[in-house]
Amino acid sequence: MAEERAVSVSEAMARARTALEGVRLKVVGEVSEFADKAGYRAAYFTVSDGDAAMQCLMWREQYEASGVTLRCGMLVEMGGHFSTYAAKGRMQFVVRSLTLAGEGRLRLQVAELARRLEAEGLMRPERKRPLPAYPERIGVVTSPRGKAVHDVLRTLKRRYPLAEIVLAGVPVEGAEAPAAIAAGLSAVADAGSDVVLLVRGGGSYEDLMPFNDEGVARAVAACPVPVVTGIGHEPDTSIADMVADVRASTPTAAAESAAPSMDELSAALIKTRRLLGRALQHRVQAAAHRVALLVRRPVFTDYTVLVAPAAQALDQVALSLRRALPDRLETDRDRLARSAADMQRLGPRLAEPAAQRVGHLSRDLERAGALLLERAEEAVTHTAARLHDLSPVAVLGRGYALCRAADGTTVITSAAQVATGDRVSVVLGRGRLGCVVESTEEEVVNG
Amino acid sequence: MDEAVCPAPGEMNFGDALAELESIVAALEGGQLELEESLTRYQRGVALLQSLQGKLEDAQQKVTALIGELEGEVVEAEA
């Protein structure tokens, strides 16, 4: 054999590498081990299918670009080629492209749609509308077959048969389901529903995909009345759940949240009847009590109380009157007659001296007035003469002079008030002199 | 409240009638009404109550299928 020559381990590994690198593949498998440590230049993981396993590496830059965050148990689809790690004599798969496979892929798509709708604000808490307390018409959108629709109808019948139910029986699985669900929502809303239940029983994740459909999500958000979802698939939350006004865990729970309980209502009405009766009874008792209090007041129990003081006073007056009237009447009549006679007699006599006295008095008054006036005139003349004597003008007339400072107001009474060269104004008995001080002398011998 | 202005209890929807009944109870319990007004309200309250109870007793759920056909009968809940 031509190839019998022994080669080094390095060369052996190099040949293996050359042989392997030509094998380019797409591989689907489940992540069973995963190491992603900061500082590693690649993500290292193991993918298996239960019977076989292969070690993989993906350079960090490409791993981050893939948008996939690996976790154990994830089903992935990888594109790449085999290679070797010579130092450990290991074969490894170098991953160039990485996507989620199967349900993992669906979940990724759903998460992406959820992010987009959330960014649009479709899941905001303030968009959630309160449910009507007593709906008159309840819309139900679900499959007409199976447990879910019967759970809902039975619950509504038990709780609130008062409401009318409008049902849109639509396929909830398969390709045509999203459009049918959206049409169903709009049909029950158009029929005048006050609230809509969108329900289905549990299923596999893929079975629930119509409830993760963008068109369904938008139909729920656009529904003119509140939507309650009951999509029995805990712990998964569908996009329809996120957009709905109320999310219930099951169809039955959805029906319960949308309808009041008739039993509770009946009990409440019986209680209300009692309250109503009691409230009126209280009101009437209060009125009766007030009347009773009034009735017991003395004015109503004994009318004499009301008139007693007046009656007594009346009696008293009557008594005095009866006693006084006859006597006084006689006396008064006599006195009146006498008075009339006196008046006739005395009248003129009484008036005469009075007239005389008035005459005297008025003459005295006239005399006194004239005298008073004379005295007043005398007093005024005398006072004016006194006033003239006291006037500085009169003093000046006798040869004195008044010296004022240049400001014309300050009167100079001391040589100390002026200095040589100051201008002063000297007022004489008649006229005024403008002077300049030539000298000052503090003490002057009176002469 | 003027009787002529109020709709007949039978013509009101359940929620509205219940809300009015609750407001009547509250007004009566408040004790601020004149006696005559209290009596009028009470009568109205009783009429609403009877109508509401009647509705609950006589209720027969009506189910209309707008799209598709319901399969199977709706069975009563097991007690």
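Start by selecting A:Ser439, which counts as exposed because it has 6 C-beta neighbours inside 10 Å, where 12 or fewer is the cut-off for that label. Bear in mind as you look around that this is a predicted model. A:Ser439 sits in the segment that follows β13 (432-436) of chain A. Now add A:Val418 to your selection: it is 21 residues away along the chain, and the two C-alpha atoms are 9.4 Å apart.

**Stop 1: chain A as a whole**

Colour chain A by secondary structure. You should find twelve helices and 13 strands. Of the 447 residues in this chain, 24% are buried. Among contacts in chain A with a separation of 6 or more, 61% are between residues 24 or more positions apart.

**Stop 2: the barrel**

Which strands of chain A close into a barrel, and in what order? Select β1, β2, β3, β5 and β4: these five strands close up in the order β1-β2-β3-β5-β4, with mixed pairing. From one strand to the next, the twist averages 55°. As background, strands of a sheet pair through backbone hydrogen bonds, either parallel or antiparallel.

Here is a walk through some of the pairs:

- Select residues 24-35 and 75-85 of chain A, which are β1 and β4; they run antiparallel and are joined by seven bridges. Show A:Val27 and you will find A:Met78 of β4(A) opposite.
- Move to β2 (residues 42-48) and β3 (residues 53-59) of chain A, an antiparallel pair with seven bridges. A:Val47 has A:Met54 in β3(A) as its bridge partner. Four residues lie between the strands of this hairpin, and A:Gly50 there has a positive phi near 100°.
- Next, look at β3(A) with β5(A), a parallel pair joined by two bridges. Here A:Cys56 is opposite A:Phe93 in β5(A).

Two helices belong in this view as well. Select residues 9-21 of chain A to bring up α1, which lies across β4 and β5 (90-100) and runs at about 145° to β4(A). Then select residues 102-120 for α3 of chain A, a helix that also lies across β4 and β5, running at about 45° to β5(A).

**Stop 3: the nonpolar cores**

Where are the residues with the most contacts inside the largest nonpolar core? Select A:Val152, A:Leu185, A:Val196, A:Leu197, A:Leu198, A:Val220 and A:Ala240; the core they belong to has 66 residues. Centre the view on A:Val196. Beyond its neighbours within four places in sequence, A:Val196 is in contact with A:Gly139, A:Val141, A:Leu185, A:Val188, A:Ala189, A:Cys223, A:Val225 and A:Val227. There is also a second, separate core of 16 residues, including A:Val31, A:Phe45, A:Cys56 and A:Met58. You have already met A:Cys56, opposite A:Phe93.

**Stop 4: helix α4**

Select residues 147-159 of chain A. This is α4, a helix of 13 residues that reaches 18 Å from its first C-alpha to its last, close to the 18 Å expected at 1.5 Å a residue. Which residues of α4(A) are buried? They are A:Ala148, A:Val149, A:Asp151, A:Val152, A:Leu153, A:Thr155, A:Leu156, A:Lys157 and A:Arg159. A:Val152 also appeared at the previous stop, among the residues with the most contacts in the largest core.

To see what surrounds this helix, show β6 (137-142), β7 (164-169), β8 (195-200), α8 (251-258) and α9 (262-295) of chain A; the buried residues of α4(A) pack against these elements and against β1 (63-67) of chain B. That last strand leads to the next stop.

**Stop 5: chain B and its contact with chain A**

Show chain B alone for a moment. It has two helices and one strand, following the pattern α-α-β along the sequence. Buried residues account for 19% of its 79 residues.

Now bring chain A back. The contact takes in 37 residues of chain B and 40 residues of chain A. On the chain B side, α1 (14-30), α2 (35-58) and β1 each give two or more residues, and α2(B) gives the most, with ten. That side consists of 21 nonpolar, eleven polar and five charged residues.

Finish by selecting β7(A) and β1(B), which run parallel and are joined by four bridges. Your last pair is A:Leu167 and B:Ala65, which stand opposite one another across the two chains.

Key
Residues are numbered from 1 along each chain as its sequence is written. Chains are lettered from A and ligands numbered from 1 in the order in which they are written. This is a predicted model: local features need pLDDT of at least 70, side-chain atom pairs count only at pLDDT 80 or more; totals for chains, interfaces and linings use all residues. A nonpolar core is a set of buried Ala, Val, Leu, Ile, Met, Phe, Trp, Tyr and Cys residues joined through C-beta atoms within 7 Å. A residue is buried if 20 or more other C-beta atoms lie within 10 Å of its own, exposed if 12 or fewer, and partly exposed in between; C-beta atoms are placed from the backbone. Two residues are in contact if their C-beta atoms, placed from the backbone, lie within 7 Å. The expected span of a helix is 1.5 Å times one less than its number of residues. Ala, Val, Leu, Ile, Met, Phe, Trp, Tyr, Cys and Pro count as nonpolar, Asp, Glu, Lys and Arg as charged, and the others, Gly among them, as polar. Two strands pair if DSSP finds at least two bridges between them. Axes are lines fitted to C-alpha atoms, for helices over the stretch in contact, and angles run from 0 to 180 degrees between N-to-C directions.
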